[in-house]
Amino acid sequence: RDLHSFTTRRSSDLKDDLAETVLKRFLEGANIFSLTSMQKVSKFDGFTIFRPLLDETKKDILAYLNRNNIKYYIDSTNENTKFLRAKMRVDIFPFLQKNFNKQILDNLAQISSYSLELSRYLESKTSKAFEKMKISPFGLYIDLNEMDQSLELKFIIKKIAKLKDIDLSRNILEKLVLWLLE
């Protein structure tokens, strides 16, 4: 079949991949409602993506495969530390697990879940403002008079910036929110 005729995709992403994404986003300075990582079912670019293994770790999957004599392939780039993801897998996560918390994968997965919960809450809390948003040749108008919480304002501004493909620094976002709250 033609690749473009498919509407779903199954992914073999694991809890390890989810945790890496959350930690990477955190270290890059993502805000709390952007720490949401992969979900078991999500939509992207017209596709439905299923990730049935997100609750499983690589260690558990490999143990299962070995126990049942199932052959598998491991991509060698996953161990090449010149790539950031591999560096996280080979160096950073083992260090964190040894020195800080053996449950780091579970904890980062939980942060992703909390972030998703917060994002959904903010989406519902700010939806009326977006329903009333007006776009004209002169720009965009959105009534923020009822928004008096900095987290709500940050969420709205980040969402608008994303819609308009504008990259806002944390510093600019903070200044905009302080200005709006004056």
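Me: Which residues of α5 are buried in this predicted model?
Reply: The model is predicted, and burial here means a relative accessible area under 20%. Helix α5 covers residues 150–163. Its buried residues are E152, L153, K154, F155, I156, I157, I160 and A161.

Me: Which elements do the buried residues of α5 pack against?
Reply: Packing is judged by contact, with heavy atoms within 4.5 Å. One partner of the buried residues of α5 is a strand, β5 (139–141). The others are the helices α4 (104–131) and α6 (170–181).

Me: How far does α5 reach from its first C-alpha to its last?
Reply: Helix α5 has 14 residues. At 1.5 Å a residue, the expected span is 20 Å. The reach in the model is close to that value, at 20 Å.

Me: Why does A161 count as buried?
Reply: A161 sits in helix α5. Leaving aside neighbours within four places in sequence, A161 is in contact with I166 and L168. The cut-off for buried is under 20% relative accessible area. A161 counts as buried because its relative accessibility is 5%.

Me: What separates the C-alpha atoms of A161 and N145?
Reply: A161 belongs to helix α5. Along the chain, A161 and N145 are 16 residues apart. In space, their C-alpha atoms are separated by 19 Å.

Me: Is K159 buried, partly exposed or exposed, and why?
Reply: K159 lies in helix α5. Buried requires under 20% relative accessible area and exposed requires over 50%, with partly exposed in between. The relative accessible area of K159 is 26%, so K159 is partly exposed.

Me: Which residues is K159 in contact with, leaving aside its neighbours within four places in sequence?
Reply: K159 and F130 are 29 residues apart in sequence. Their C-alpha atoms are 9.8 Å apart in space. Contact is judged on heavy atoms within 4.5 Å. By that test, K159 is in contact with E123 and F130.

Me: Which residue just after α5 takes a positive phi?
Reply: The residue lies in the loop between α5 and α6. Its phi is near 55°, a positive value in a residue other than glycine. With a relative accessible area of 72%, it is exposed. The residue is D165.

Me: Where is N69, and what is its phi?
Reply: N69 is in the loop between α2 and α3. N69 counts as exposed because its relative accessibility is 71%. Its phi is positive although N69 is a residue other than glycine. The value is near 50°.

Me: Which element supplies the largest share of the lining of the largest pocket?
Reply: The largest pocket has a volume of about 1100 Å³ and is lined by 30 residues. Nearest its centre lie N31, F33, S34, K158 and K162. α4, α5 and α6 each supply at least two residues of the lining. The largest share, eight residues, comes from α5.

Me: How many residues of each class are in the lining of the largest pocket?
Reply: The lining has 30 residues in total. By class, eight of these are polar. The rest of the lining divides into eleven charged and eleven nonpolar.

Me: Which residues are the closest to the centre of the second largest pocket?
Reply: The second largest pocket holds about 680 Å³ of space. Of the 27 residues that line this pocket, the closest to its centre are L14, D17, K58, N78 and R89.

Me: Which elements each supply at least two residues of the lining of the second largest pocket?
Reply: By class, this lining has twelve nonpolar, four polar and eleven charged residues. One of the elements asked for is a strand, β1 (8–10). The others are the helices α1 (15–27), α2 (58–67) and α3 (84–99).

Me: What radius of gyration does the protein chain have?
Reply: The C-alpha trace spans about 65 × 50 × 30 Å along its principal axes. Of the 182 residues, 30% count as buried. A compact globule of 182 residues would have a radius of gyration near 16 Å. The protein chain has 20 Å.

Me: In what order do the elements of the protein chain run?
Reply: The protein chain has six helices and five strands. From the N terminus on, the order is β-α-β-β-α-α-α-β-β-α-α.

Conventions
Residues numbered from 1 in each chain as written. Predicted model: local features only at pLDDT ≥ 70, side-chain atom pairs only at ≥ 80, totals over all residues. Heavy atoms only, no water. Helix = DSSP H or I, 4+ residues; strand = E, 2+ residues; numbered from the N terminus. Expected span 1.5 Å × (residues − 1). Buried < 20%, exposed > 50% of the residue type's maximum accessible area, 1.4 Å probe, protein only. 1 Å grid on protein atoms, 1.4 Å probe; cavity = no way out; pocket = protein on both sides within 12 Å on 5 of 7 lines; lining within 4 Å. Points joined across faces, edges and corners; volume = space filled by probe spheres on them. Nonpolar A, V, L, I, M, F, W, Y, C, P; charged D, E, K, R; others polar. Rg over C-alpha atoms; globule rule 2.2 N^0.38 Å.
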